[in-house]
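The following paragraphs offer a guided reading of a protein model. The reader is invited to keep the sequence and the structure in view throughout.

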Amino acid sequence: METNKKVLLVDDHDLVRFGTSMLLESLEEVRCTITPCRSLEEARTACREQGAYDLVLLDLNLPDAKGLQGLRTLIDECPNVPFAMLTGTQDEFVVRQAQAMGAVGYLLKSWTPERLKQALKSLLVTRPGAPTTTISERFPKLAGSSHYDRVAELGSRHLQIMELILEGCSNQEIAQATDLSLGTVKNYVSAILLALDVESRSHLISLFH
């Protein structure tokens with residue numbers, strides 16, 4: 001069934017905004033209302049005036065914000081909103097930083113239109129059977145533990161991947177299930193281990209069993 005999603009698209013290049021908007025509008029499973037912005041300040045104004053968005057697509061380099069400065073600022077303006085970075089350069093350190101801050105995706109402008117479209121679909125369309133329960137219900141073993149708050153701070157994509165890890169899925173299987181690249185999955189796994197302060201996947205799994 002087609003649903004409506006509000007998307008904030010923040011990029012200072014007209015062609016990128018136009019092309020990404022076209023991809024969003026071509027999604028058959030969801031209808032997008034897109035708010036295009038050229039700068040961090042425009043995005044902040046949009047967040048204040050138009051309320052919560054279902055997804056924020058954010059360029060790493062804006063005229064008034066470089067690197068992850070824009071992400072840090074907009075997280076305060078748009079709490080509990082999924083953020084995905086849209087950039088021309090993949091820096092593993094920046095990817096991990098963005099994910100640790102809660103970004104649910106890292107999209108490259110160099111990807112083919114079809115790959116970008118699939119990534120956008122994955123971010124916007126709720127996967128069949130996706131969990132809608134609370135952290136306590138999803139991970140009852142964590143109740144009262146020191147790891148509960150850390151898990152509660154993870155983004156929705158992190159939680160999805162963590163659940164797949166707990167099911168015993170390999171990185172390759174997770175990549176196939178989430179429509180993410182293998183490299184991106186590895187970055188998410190590293191960010192999850194770092195956030196929970198555990199040394200390995202086996203250590204992570206032991207916390208939940």
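Leu15, Phe18 and Met22 together make a nonpolar surface patch of about 360 Å² in this predicted model. Phe18 has its place in helix 1, and with a relative accessibility of 53% it counts as exposed, because the term applies to values over 50%. Thr20 is also found in helix 1, which spans residues 14-26, yet Thr20 is buried, with a relative accessible area of 9%. The side chain of Thr20 reaches the backbone oxygen of Val16 at 2.8 Å. Leaving aside residues up to four places away in sequence, Thr20 touches Leu9, Leu57, Leu86 and Leu120.

The protein as a whole provides the setting for these details. Its secondary structure comes to 11 helices and seven strands. Of its 209 residues, 46% count as buried. The accessible surface comes to about 10700 Å², and carbon and sulfur atoms hold 51% of that area. Among contacts with a separation of 6 or more, 65% join residues that are 24 or more positions apart.

One such meeting of separate parts of the sequence involves Asp54, in the loop between helix 2 (40-50) and strand 3 (55-58). Asp54 and Lys6 stand 48 residues apart in sequence, while their C-alpha atoms are 5.2 Å apart in space. A polar atom of the Asp54 side chain lies 2.7 Å from the backbone nitrogen of Lys6. Beyond residues up to four places away in sequence, Asp54 touches Asn4, Lys5, Lys6 and Pro82. Asp54 counts as partly exposed, at 33% relative accessibility.

Charged side chains supply further links, and the count of salt bridges comes to seven. In one of them, Lys109 pairs with Asp11, the closest N and O atoms being 2.8 Å apart. This pair links distant parts of the chain, 98 residues apart: Lys109 lies in the loop between strand 7 (105-108) and helix 5, and Asp11 in the loop between strand 1 (3-10) and helix 1. Asp11 is buried, with a relative accessible area of 0%, whereas Lys109 is partly exposed at 28%.

Lys109 also forms a salt bridge with Asp59, where the closest N and O atoms are 3.5 Å apart. Asp59 lies in the loop between strand 3 and strand 4 (61-62) and Lys109 in the loop between strand 7 and helix 5, so this pair ties together parts that are 50 residues apart in sequence. Asp59 counts as buried, at 6% relative accessibility. Asp11, Asp59 and Lys109 are thus linked in a network of salt bridges.

Another salt bridge brings together the side chains of Lys121 and Glu29, at 3.2 Å from N to O. Here too the pair links distant parts of the chain: Lys121 is in helix 5 and Glu29 in the loop between helix 1 and strand 2 (30-37), 92 residues apart. Lys121 is partly exposed, with a relative accessible area of 29%, and Glu29 counts as partly exposed at 29%.

Which residues of helix 9 (residues 171-178) are buried? They are Asn171, Ile174, Ala175 and Thr178. These residues lie on the same side of helix 9, because they cover an arc of only 100° around its axis. The buried residues of helix 9 pack against helix 5 (113-124), helix 8 (156-166), helix 10 (182-196) and helix 11 (201-207). Just after helix 9, Asp179 takes a positive phi of about 65°.

Notes. Residues are numbered from 1 along each chain as its sequence is written. This is a predicted model: local features need pLDDT of at least 70, side-chain atom pairs count only at pLDDT 80 or more; totals for chains, interfaces and linings use all residues. Side-chain values use heavy atoms; hydrogens and water are left out. Helices (H or I, at least four residues) and strands (E, at least two) are DSSP runs, numbered from the N terminus. Buried means under 20% relative accessible area, exposed over 50%, partly exposed in between (1.4 Å probe, protein chains only). A polar contact is a pair of N or O atoms within 3.5 Å; within protein, one must be able to donate a hydrogen and the other to accept it, and residues adjacent in sequence count only if both atoms are side-chain atoms. Contact means heavy atoms within 4.5 Å. The arc is that of the directions from the helix axis to the C-beta atoms. Patches are made of residues with over 30% relative accessible area and no salt bridge: like charges are joined within 9 Å, nonpolar side chains (Val, Leu, Ile, Met, Phe, Trp, Tyr) within 5 Å. Accessible areas come from the Shrake-Rupley method with a 1.4 Å probe; for residues, only the protein chains shown count as cover. A salt bridge is a side-chain nitrogen of Lys or Arg within 4 Å of a carboxyl oxygen of Asp or Glu.
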